[in-house]
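Work through the exercises below with the sequence and the model at hand. Each task is followed by a solution in steps.

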2 protein chains.
Amino acid sequence: MASEKIAGRGPGRPRDGEAEARILQAALRLLAEQGYTRMSLDGVAEEAGVSKPTIYRRWSSKADLATAALRTIQTSEPVVATGTTAGDLTAALQNFARSLLRPNGMSLIGTVLAEEGHTPELLALFRERLVANRRAQLLGILRRAQRGGELRAGVSLDAAVNLLVGAFYARYLASSTIPPGFARELVEVVWRGMAK
Amino acid sequence: MASEKIAGRGPGRPRDGEAEARILQAALRLLAEQGYTRMSLDGVAEEAGVSKPTIYRRWSSKADLATAALRTIQTSEPVVATGTTAGDLTAALQNFARSLLRPNGMSLIGTVLAEEGHTPELLALFRERLVANRRAQLLGILRRAQRGGELRAGVSLDAAVNLLVGAFYARYLASSTIPPGFARELVEVVWRGMAK
DNA sequence: GTCTCTTTACGATACTGTATCGTATCTAAA
DNA sequence: TTTAGATACGATACAGTATCGTAAAGAGAC
């Protein structure tokens with residue numbers, strides 16, 4: 001059942017084309033929920049409805065699978081244009097807050113940080129796939145404002161991005177919750193601090 | 001040798017008073033370096049120079065030991081008074097940066113976040129012992145400024161604390177490094193954003 | 001004061017049961 | 001005949017416990 005086989009090339013039984021996606025999805029979910037060390041391949045196999053060798057035929061190790069799973073995520077942020085710089089920043093940050101509060105949104109960050117010493121590829125990929133995009137989006141908004149002459153001279157855009165994004169991490173670390181209106185408060189302070 | 005015995009109560013051989021400290025120290029180091037799941041009691045025993053039963057005589061489980069180890073840390077921040085609010089904030093944040101860049105400073109944060117679903121006591125203790133103190137220190141500086149009439153009305157001190165502290169997390173998550181002058185840049189933006 | 005008895009903690013080692021990664025072997029599909 | 005998949009397995013690591021002989025202390029006998 002379910003053999004949309006794509007590559008009908010060589011002889012032999014073709015691979016289940018859907019298995020790959022199911023495995024990656026299960027791996028990503030378990031990675032986020034349980035962390036890298038607790039994520040077991042037996043668990044992934046069971047959740048994906050395949051057996052372990054089916055996994056090992058596609059990826060050579062647990063680390064290989066985990067990085068492949070991380071590679072599949074991508075911030076697909078709908079870039080909102082509200083008309084004002086402060087509005088754009090707030091909208092982008094509200095998106096960010098939603099993704100953090102998704103189940104295990106912060107646990108995934110935790111596990112890639114905790115594994116920095118042991119499996120540094122995870123942190124590297126996380127940066128490349130998620131962190132970089134998010135920062136680039138905010139940086140884009142700020143650069144536009146800068147070109148439009150809205151900002152004071154000499155203000156550090158990198159510092160501003162770190163302030164805005166980081167405040168959510170700090171808030172979560174302190175209480176696991178983010179109050180409504182939080183993004184607006186942040187933008188209010190930072191914007192006043194860097195605008196002309 | 002080495003029997004500073006503290007509790008000379010009942011009969012019997014007294015406990016090695018130094019073993020306790022050695023065990024906790026080893027546990028904390030391994031917890032930060034390897035994360036909770038990778039920290040093994042065999043490893044702790046070896047590093048502390050004791051046997052496993054000696055550990056289990058004092059703590060009932062791995063989680064019990066790990067939380068006891070976390071309980072031993074305490075931010076002993078020397079509160080600096082530079083004369084200006086911005087100066088005090090910058091000094092406090094520079095202290096903070098130093099502690100983050102200590103070996104495995106961020107890994108420890110990572111592991112308590114990653115374990116939130118499985119061993120929530122770790123995150124709870126981390127908040128109580130480290131996060132809360134750090135935030136209280138910054139909040140103290142800001143409140144003093146507020147009483148002194150330096151701040152605009154209606155500005156959220158909580159938001160400011162999150163901005164300042166969080167920027168370091170964001171920066172580390174993006175690149176594992178913190179450039180010199182970072183704290184000053186942050187304070188510059190935030191202070192201008194909230195001062196009268 | 002000394003000698004023994006009892007009590008408690010110690011280190012070392014071995015063990016139980018389980019979880020895990022990764023693989024060998026067999027079976028099903030093309 | 002060739003490849004995919006599934007069951008079963010080997011090897012290892014781990015949490016937690018049990019056992020054995022020993023070290024250190026107090027308590028009582030003399």
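## Exercise 1: A salt bridge across the two chains

B:Arg171 counts as buried, at 15% relative accessibility. Buried means under 20% relative accessible area, exposed over 50%, and partly exposed in between (1.4 Å probe, protein chains only).

The model is predicted: local features need pLDDT of at least 70, side-chain atom pairs count only at pLDDT 80 or more, and totals for chains, interfaces and linings use all residues. Residues are numbered from 1 along each chain as its sequence is written, chains are lettered from A and ligands numbered from 1 in the order in which they are written, and side-chain values use heavy atoms, with hydrogens and water left out.

Task: find which residue forms a salt bridge with B:Arg171, and state what the pair joins.

Solution.
1. A salt bridge is a side-chain nitrogen of Lys or Arg within 4 Å of a carboxyl oxygen of Asp or Glu.
2. The partner of B:Arg171 is A:Asp158, with the closest N and O atoms 3.2 Å apart.
3. A:Asp158 lies in helix α8 (residues 157–175) of chain A and B:Arg171 in helix α8 of chain B, so the pair joins two chains. Helices are DSSP runs (H or I, at least four residues), numbered from the N terminus.
4. A:Asp158 is partly exposed, its relative accessible area being 30%.

## Exercise 2: The contact between the chains

Task: describe the contact between chain B and chain A by its residues, its area and its polar pairs.

Solution.
1. Chain B and chain A give 45 residues each to the contact, where contact means heavy atoms within 4.5 Å.
2. About 4000 Å² is buried between the chains, and carbon and sulfur atoms give 62% of that area. Buried area is the accessible area (1.4 Å probe) that two parts lose on being put together, summed over both.
3. B:Arg38, B:Leu163 and B:Leu173 supply 19% of the area that chain B buries against chain A, more than any other three residues.
4. Between the chains there are 4 salt bridges. One of the salt bridges joins the side chains of B:Glu115 and A:Arg38 at 2.6 Å, N to O.
5. On the side of chain B that touches chain A, α8(B) gives the most, with 15 residues.
6. There are also 23 residue pairs in polar contact, both at pLDDT 80 or more. A polar contact is a pair of N or O atoms within 3.5 Å; within protein, one must be able to donate a hydrogen and the other to accept it, and residues adjacent in sequence count only if both atoms are side-chain atoms.

## Exercise 3: A salt bridge within chain A

Task: locate A:Glu47 and A:Arg29, and state what their salt bridge ties together.

Solution.
1. The side chains of A:Glu47 and A:Arg29 meet at 2.7 Å, N to O.
2. A:Glu47 lies in helix α2 (residues 41–48) and A:Arg29 in helix α1 (residues 19–34) of chain A, so the pair ties together parts 18 residues apart in sequence.
3. A:Glu47 is partly exposed at 39%, and A:Arg29 is partly exposed at 40%.
4. A:Arg29, A:Glu33 and A:Glu47 are linked in a network of salt bridges.

## Exercise 4: An enclosed helix

Task: is helix α6 of chain A enclosed or open, judged by its buried residues?

Solution.
1. The buried residues of α6(A) include A:Gly105, A:Leu108 and A:Val112.
2. In total, 10 of the 10 residues of helix α6 (residues 105–114) of chain A are buried, so the helix is largely enclosed by the rest of the structure.
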